[in-house]
Amino acid sequence: MPAVGHGALHLLVVLQVATALALLDLPQPVGPALVALTFHSWSGAADALESGASTRAVVLEYGSLAAIGAVVALFLSGA
């Protein structure tokens, strides 16, 4: 049953990010790219933690991906 929980959690995260991006009204190629980056980051982080990686390493690696996505969104939104 853990796989069902992981799948549901991934779906909720992607839906949350997609909703936020829709509300931000970013240009068309940016929104879907950030949703894909979010899914990749979230699933990679979950797999790394499940495999026994340290929390610090996971935060540094996958947190940097989230930061890159935020910077790209800020640049492309014209802020």
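**Notebook: three helices and a pocket**

I began with Pro32, which lies in helix α2 (helices are DSSP runs of H or I with at least four residues, strands are runs of E with at least two, and both are numbered from the N terminus). The model is predicted, so local features need pLDDT of at least 70 and side-chain atom pairs count only at pLDDT 80 or more, while totals for chains, interfaces and linings use all residues. Residues are numbered from 1 along each chain as its sequence is written, and side-chain values use heavy atoms, with hydrogens and water left out.

**Pro32, continued.** I looked up its exposure: Pro32 is partly exposed because its relative accessible area is 46% (buried is under 20%, exposed over 50%, partly exposed in between, with a 1.4 Å probe and protein chains only). From C-alpha to C-alpha, I found Pro32 and Val17 9.9 Å apart in space and 15 residues apart in sequence.

**Chain.** I read three helices and zero strands, in the order α-α-α along the sequence. The protein chain has 79 residues, and 25% of them count as buried.

**Largest pocket.** I noted a space of about 310 Å³ in the largest pocket. On a 1 Å grid over the protein atoms alone, a pocket is an open set of points where a 1.4 Å probe fits, with protein on both sides within 12 Å along at least five of seven lines; lining residues have an atom within 4 Å of a point. Grid points are joined across faces, edges and corners, and the volume is the space filled by probe spheres set on them. I listed 17 lining residues, with Val17, Leu34, Thr38, Ala66 and Ala70 nearest the centre. The elements giving two or more residues to this lining are α1 (2-24), α2 (30-50) and α3. Helix α3 has the largest share, seven residues. By type, the lining has 13 nonpolar residues, four polar and no charged (nonpolar: Ala, Val, Leu, Ile, Met, Phe, Trp, Tyr, Cys and Pro; charged: Asp, Glu, Lys and Arg; polar: the others, Gly among them).

**Helix α3.** Which residues did I check here? I looked up Thr55, Leu65 and Leu76, and each lies in α3; the helix spans residues 55-77.

- Thr55 is exposed, since its relative accessible area is 56%. I found Thr55 and Ala45 9.3 Å apart, C-alpha to C-alpha, with their positions 10 residues apart in sequence.
- Leu65 is partly exposed at 22% relative accessible area. Leu65 and Leu37 are 28 residues apart in sequence and 7.6 Å apart in space, C-alpha to C-alpha.
- Leu76 counts as partly exposed because its relative accessibility is 46%.

**Surface patch.** Leu76 also helps make a nonpolar surface patch of about 490 Å², together with Ile68, Val71, Val72 and Phe75. Patch residues have over 30% relative accessible area and no salt bridge; nonpolar side chains (Val, Leu, Ile, Met, Phe, Trp, Tyr) are joined within 5 Å, like charges within 9 Å. A salt bridge is a side-chain nitrogen of Lys or Arg within 4 Å of a carboxyl oxygen of Asp or Glu. Areas come from the Shrake-Rupley method with a 1.4 Å probe; for residues, only the protein chains shown count as cover.
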